[in-house]
Amino acid sequence: MKRQTITKQRYVVCPICKKGKIIMQDGSDEDMPFRLVLPGSKRKVHWYIKCEVCKNQIGITVKE
Ligand SMILES: [Zn+2]
């Protein structure tokens, strides 16, 4: 599969392995309204995404 590079495409990389691109972000420079939650954290999590590289599940929670 060929992936196109779109101008100003940004990624949120996995906080564990720093390699997996877990979230693709549209060109906006705005701060993301959510924060990542590492596995094992007691923080409340709204969503989970799985890193394709290290296979860890990373939580996402809305930033207060
Ligand atoms: Zn990872």
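A residue counts as buried here if 20 or more other C-beta atoms lie within 10 Å of its own. By that cut-off, 9% of the 64 residues of the protein are buried. The model on screen is predicted.

**Whole chain.** Colour by secondary structure to begin. The protein has 0 helices and 5 strands, and along the sequence the pattern reads β-β-β-β-β. Of the contacts between residues at least 6 apart in sequence, 38% join residues at least 24 apart.

**The sheet.** Select residues 34-37, 47-50 and 57-62, which are β3, β4 and β5. These 3 strands form an open sheet in the order β3-β5-β4, paired antiparallel. The edges are β3 and β4, each of which pairs on one side only. Direction ignored, neighbouring strands of this sheet are turned by 30° against each other on average. Now look at β3 and β5 together: 4 bridges join the two strands, which run antiparallel. To find one of the bridges, pick Val-37, whose partner in β5 is Gly-59.

**The core.** Keep Val-37 selected and add Cys-14, Ile-22, Leu-36 and Ile-58; together these 5 residues make up the largest nonpolar core. Centre on Ile-58. Beyond its neighbours within four places in sequence, Ile-58 is in contact with the core residues Cys-14, Ile-22, Leu-36 and Val-37. Its contacts also include Pro-15, Leu-38, Tyr-48, Ile-49 and Cys-51.

**Cys-14.** Move next to Cys-14, in the loop between β1 (10-13) and β2 (21-25). Cys-14 counts as buried because 22 other C-beta atoms lie within 10 Å. Leaving out residues up to four places away in sequence, Cys-14 touches Lys-19, Gly-20, Ile-22, Cys-51, Val-53, Cys-54 and Ile-58. For a distance check, draw a line from Cys-14 to Glu-52: the C-alpha atoms are 9.1 Å apart, across 38 residues of sequence.

**Val-53.** From Cys-14, step across to Val-53, which sits in the loop between β4 and β5. The C-alpha atoms of Val-53 and Cys-14 are 8.6 Å apart, with the two residues 39 apart in sequence. Is Val-53 buried or partly exposed? Val-53 has 15 C-beta neighbours inside 10 Å and therefore counts as partly exposed. Again leaving aside neighbours within four places in sequence, Val-53 is in contact with Cys-14, Cys-17, Lys-19 and Gly-20. Two of these, Lys-19 and Gly-20, are also touched by Cys-14.

How values were computed: Residues numbered from 1 in each chain as written. Predicted model: local features only at pLDDT ≥ 70, side-chain atom pairs only at ≥ 80, totals over all residues. Core = buried A, V, L, I, M, F, W, Y, C linked by C-beta atoms within 7 Å. Buried ≥ 20, exposed ≤ 12 C-beta atoms within 10 Å, placed from the backbone. Contact = placed C-beta atoms within 7 Å. Pairing = 2+ DSSP bridges. Axes fitted to C-alpha atoms, helices over the stretch in contact; angles between N-to-C directions.
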